[in-house]
Amino acid sequence: MQEKRISRWYFGGIASSAAACLTHPLDLIKVHLQTQQEVRMRMMGMTINVVRREGYLALYSGLSASLCRQMTYSLSRFAIYETVRDKMSSRNKGLMPFYQKVLLGAFGGFAGGFIGTPADLVNVRMQNDVKLPAELRRNYAHALDGLFRVWKEEGMKKLFSGATMASTRGALVTVGQLACYDQSKQLVLSAGYLTDNILTHFLASVFAGGCATILCQPLDVVKTRLMNSKGEYGGVFHCLTETAKLGPKAFYKGLVPAAIRLIPHTVFTFIFLEQLRQHFGAVVVV
């Protein structure tokens, strides 16, 4: 009989929020690149343009909405995945097979994506406000003001605009991040070369971030376009066809900034999560 620490249900939300504080400027640039109608600027050009026009603090535009999103979307998916995984592992006296992790990750991500849609909508709008002319800006004061104004001015239905895409993307990201992280960490540890330390967590999370980026990028582009639209798209399928007219590369527009944003975000999230688990996790006897 030995003791080990397992993650508490809310640790995922805290770890993701801490990671979002570090990677928010990359997320903002990614949104700007995806909402271009034609490819006019690359990543460095867009960053310089934002800083030159609005100042360095503009790179943190919409941070409150980003944190609100992490405390709804990420908290939900991590809570579902980790709670069910730990319960099943203790009941079966062993690790879950990979296909079960994929199914659980997809379910947790789908639920989390739906719950986090309103905050995600406000997050995209607040980030994109910076590049709009002054008369067209929405000027939400913070995330809660944005949520209230969308509900008041556009109705409850608009808050869940793009919920199908956000939920599907949430499922793919969670499979890429959580299921792939768990599996790659398990494989690294079973090889016997490394122990359960920060290097193992770093290697597993880099791999998981890469998987998540490739899986979700096409959906991420369509979701961003839908959420930022002012009614020009009739629905998901219409947005898909309009994006497809720009060519197959349009679905991977912003892939490098997406990877540069999602991989560090995944690495920071899992390093923070593992540190929280190791120092503050619930103690169980196995």
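This passage looks at the nonpolar cores of a predicted model, then at a nonpolar patch on its surface, and at one residue from each of two helices.

The inside of the model is a good place to begin. The largest nonpolar core has 15 residues. Those with the most contacts inside this core are Phe78, Tyr81, Leu178, Tyr181, Phe270 and Leu273. Several helices build the core together: helix 1 (11-34), helix 3 (63-92), helix 8 (163-191), helix 9 and helix 11 (255-280) each supply at least two of its residues. Helix 8 gives the largest share, with four residues. Leucine 178 offers a closer view of how such residues meet. Neighbours within four places in sequence aside, leucine 178 is in contact with Arg77, Phe78, Tyr81, Val173 and Phe270. Another core, of 13 residues, lies apart from the largest one, and Leu121, Tyr140, Leu147 and Ala166 are among its members. As a general point, nonpolar side chains in soluble globular proteins tend to be buried together.

Helix 9 (residues 198-228) also contains threonine 213. Is this residue buried or exposed? Threonine 213 has a relative accessible area of 3%, and because buried means under 20%, threonine 213 counts as buried. Its contacts, not counting residues up to four places away in sequence, are Leu255, Ala258, Ala259, Leu262 and Ile263.

Attention now turns to the surface. Here, Phe114, Ile115, Phe148, Trp151, Met156 and Phe160 form a nonpolar patch, and together they have about 600 Å² of accessible area. Two elements, helix 4 (98-115) and helix 6 (143-154), give two or more residues each to the patch.

One member of this patch, isoleucine 115, can be followed in more detail. Isoleucine 115 is found in helix 4. How does a relative accessible area of 45% place this residue? Partly exposed residues fall between the 20% limit for buried and the 50% limit for exposed, so isoleucine 115, at 45%, counts as partly exposed. Which residues does isoleucine 115 touch, leaving out those up to four places away in sequence? They are Thr72 and Ser76. A distance along the chain can also be set beside one in space: isoleucine 115 and lysine 4 are 111 residues apart along the chain, and their C-alpha atoms are separated by 31 Å.

In brief, the model holds a nonpolar core of 15 residues and, apart from that core, another of 13 residues. Threonine 213 is buried, whereas isoleucine 115 is partly exposed and belongs to a nonpolar patch on the surface.

Terms used. Residues numbered from 1 in each chain as written. Predicted model: local features only at pLDDT ≥ 70, side-chain atom pairs only at ≥ 80, totals over all residues. Heavy atoms only, no water. Patch = residues over 30% accessible without salt bridge, like charges linked within 9 Å, V, L, I, M, F, W, Y side chains within 5 Å. Areas by Shrake-Rupley, 256 points an atom, 1.4 Å probe, with all protein chains shown as cover. Salt bridge = Lys/Arg side-chain N within 4 Å of Asp/Glu carboxyl O. Buried < 20%, exposed > 50% of the residue type's maximum accessible area, 1.4 Å probe, protein only. Contact = heavy atoms within 4.5 Å. Core = buried A, V, L, I, M, F, W, Y, C linked by side-chain atoms within 4.5 Å.
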